[in-house]
Structures are given as C-alpha cells and as structure tokens.
Amino acid sequence: MTAMKEHGLNDSQLGVYLDMLEDPATTKYNLPVLLALPDGVDRDRAWRAFADTVAAHPIYAATFAAGAEGPVMRIPDDGALKVSPCPDDELGKPFDIENGPLVRAAIAAEGLKFEMHHLVFDGTTQMNLCAELAARYSGLAPEAEELTAFDRVVEDAKVKTSPAY
C-alpha cells in the first residue's frame, strides 16, 4: 500500500466535498476540457506533455476521505499521478473521490480530451495547466511550483486560527 500524506481542505474543497456526500455518483463536479489539436500537432508529444504536466503537480494525485478530525485530502508520498489514456466512454462518468484518480484523459479525433474533478481543478488551474502543457509541448521546462495547493491549505488554516481572523 502506498504511504499517504493527509492535508485539510480549503473552504472551496470543503463545500464540494460536503455536497458530494449527498450524491457521490454526481457528475456535476466533472470539469471537461477539449483541447483541439490542429493538423501537424504531434499527438504522442501532446500526450507526453499532458502526462508530464499532470505528474508535476501532486494535487492531481489527491483523493478525498473522512479523516479523524474532518475531511482530508490524501496525497501519495511519491506525489505524482501517472495518468494513462482512458477509453473515450470513461469520460463523463462519476469520479470515485476516495480512491481516485480524479483525472481522466484521452487523445481522440477531436484532440486531447480530459476531465478533472472540481476538488483538484478549477478555471484558474485550467489556464495554468494549459499554459504549462503548451510550454512542455514546445520543449520548455516550466519552473516548479513555489506555492502548492497544500501550502495554501496550511496557510489558510493558520489565518483562520490567528487573532486577526
């Protein structure tokens, strides 16, 4: 069994997690993306850029469960999700937030299709992921994150327990 680190949830994640408890089979938090790949784009290289981008961010390897003191985000100690292409018919199905993965992707005729659960992905992370994917496709090595999603959770918790809050 893979060793896991546990982290609390930020307020947004907590709201989504609690709502998911009401209907674990919902797909309303699946965030689908289609990146059209024009003629001339190397699809294998595009896939590798996507897989490398996902692996570079431990948040994409997260799963979520009830912990002793409330909901927790669990991250494997190795911190990387090794994403594999999924069958096209897997896209759009409910995610299992306790067992993961919370990322699915496929190369299709239309382009790179992927979806992520809102617990690990939002509009801002979509823009960042797409920019990093383009950089990796172009052969650039993006810098490592200075502030991770987990760092933000820890900082949020400190603020909430401070006298100023």
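In this predicted model, the N-terminal end of helix α3 is capped by D122, which places a side-chain oxygen 3.1 Å from the backbone nitrogen of T124. The helix itself covers residues 123–137, 15 residues in total. From its first C-alpha to its last, α3 reaches 21 Å, close to the 21 Å expected at 1.5 Å a residue. After the helix comes G139, with a positive phi near 95°.

Part of α3 is hidden from the surface. Its buried residues are L129, E132, L133, A135 and Y137, and what covers them includes β2 (30–36), α2 and β6. The last residue on that list, Y137, also has a charged neighbour: R45 lies over the face of its ring, at 4.1 Å from the ring centre. A similar kind of arrangement turns up at F95, where the charged end of R104 sits over the ring, 3.9 Å from its centre.

Helix α2 (residues 43–55) is a good place to look next. One of its residues is T53, which counts as buried because its relative accessibility is 0%. Leaving aside residues up to four places away in sequence, T53 touches L129, E132, L133 and R136. Among these contacts, L129, E132 and L133 are buried residues of α3.

Now for the aromatic side chains. A search of the whole structure finds three aromatic pairs. In one of them, W47 and F50 are tilted, with 5.6 Å from centre to centre and 45° between the planes. Both residues lie in α2, three residues apart, about one turn of the helix. In an α-helix there are 3.6 residues a turn, so residues three or four places apart point the same way. W47 has a relative accessibility of 12%, so it counts as buried, and F50 is buried too, with a relative accessible area of 0%.

F50 also pairs with F114: the ring centres are 5.0 Å apart and the planes meet at 40°, so this pair is tilted. Since F50 belongs to helix α2 and F114 to strand β6 (residues 111–117), the pair ties together parts that are 64 residues apart in sequence. F114 is buried, with a relative accessible area of 2%. W47, F50 and F114 join F121 in one aromatic cluster.

The contacts of F50 go beyond aromatic rings. Not counting residues up to four places away in sequence, F50 touches V83, V103, A105, L112, F114, M116, L129 and L133. Among these, L129 and L133 are buried residues of α3.

That leads to the nonpolar interior. In soluble globular proteins, nonpolar side chains tend to be buried together. Here the largest nonpolar core has 38 residues, and those with the most contacts inside it are F50, Y60, F64, M73, F114, M116 and V120. The elements that give two or more residues to this core are α1 (11–22), α2, β4 (70–76), β5 (103–108), β6, α3 and α4 (149–160). Of these, α2 gives the most, with six residues.

Terms used: Residues are numbered from 1 along each chain as its sequence is written. This is a predicted model: local features need pLDDT of at least 70, side-chain atom pairs count only at pLDDT 80 or more; totals for chains, interfaces and linings use all residues. Side-chain values use heavy atoms; hydrogens and water are left out. Rings of Phe, Tyr and Trp (its six-membered ring) pair if their centres lie within 6.5 Å; planes under 30 degrees apart count as stacked, over 60 as edge-to-face and the rest as tilted. Helices (H or I, at least four residues) and strands (E, at least two) are DSSP runs, numbered from the N terminus. Buried means under 20% relative accessible area, exposed over 50%, partly exposed in between (1.4 Å probe, protein chains only). A charge sits over a ring if NZ of Lys or CZ of Arg is within 6 Å of the ring centre and within 35 degrees of the ring normal. The expected span of a helix is 1.5 Å times one less than its number of residues. Contact means heavy atoms within 4.5 Å. A polar contact is a pair of N or O atoms within 3.5 Å; within protein, one must be able to donate a hydrogen and the other to accept it, and residues adjacent in sequence count only if both atoms are side-chain atoms. A nonpolar core is a set of buried Ala, Val, Leu, Ile, Met, Phe, Trp, Tyr and Cys residues joined through side-chain atoms within 4.5 Å.
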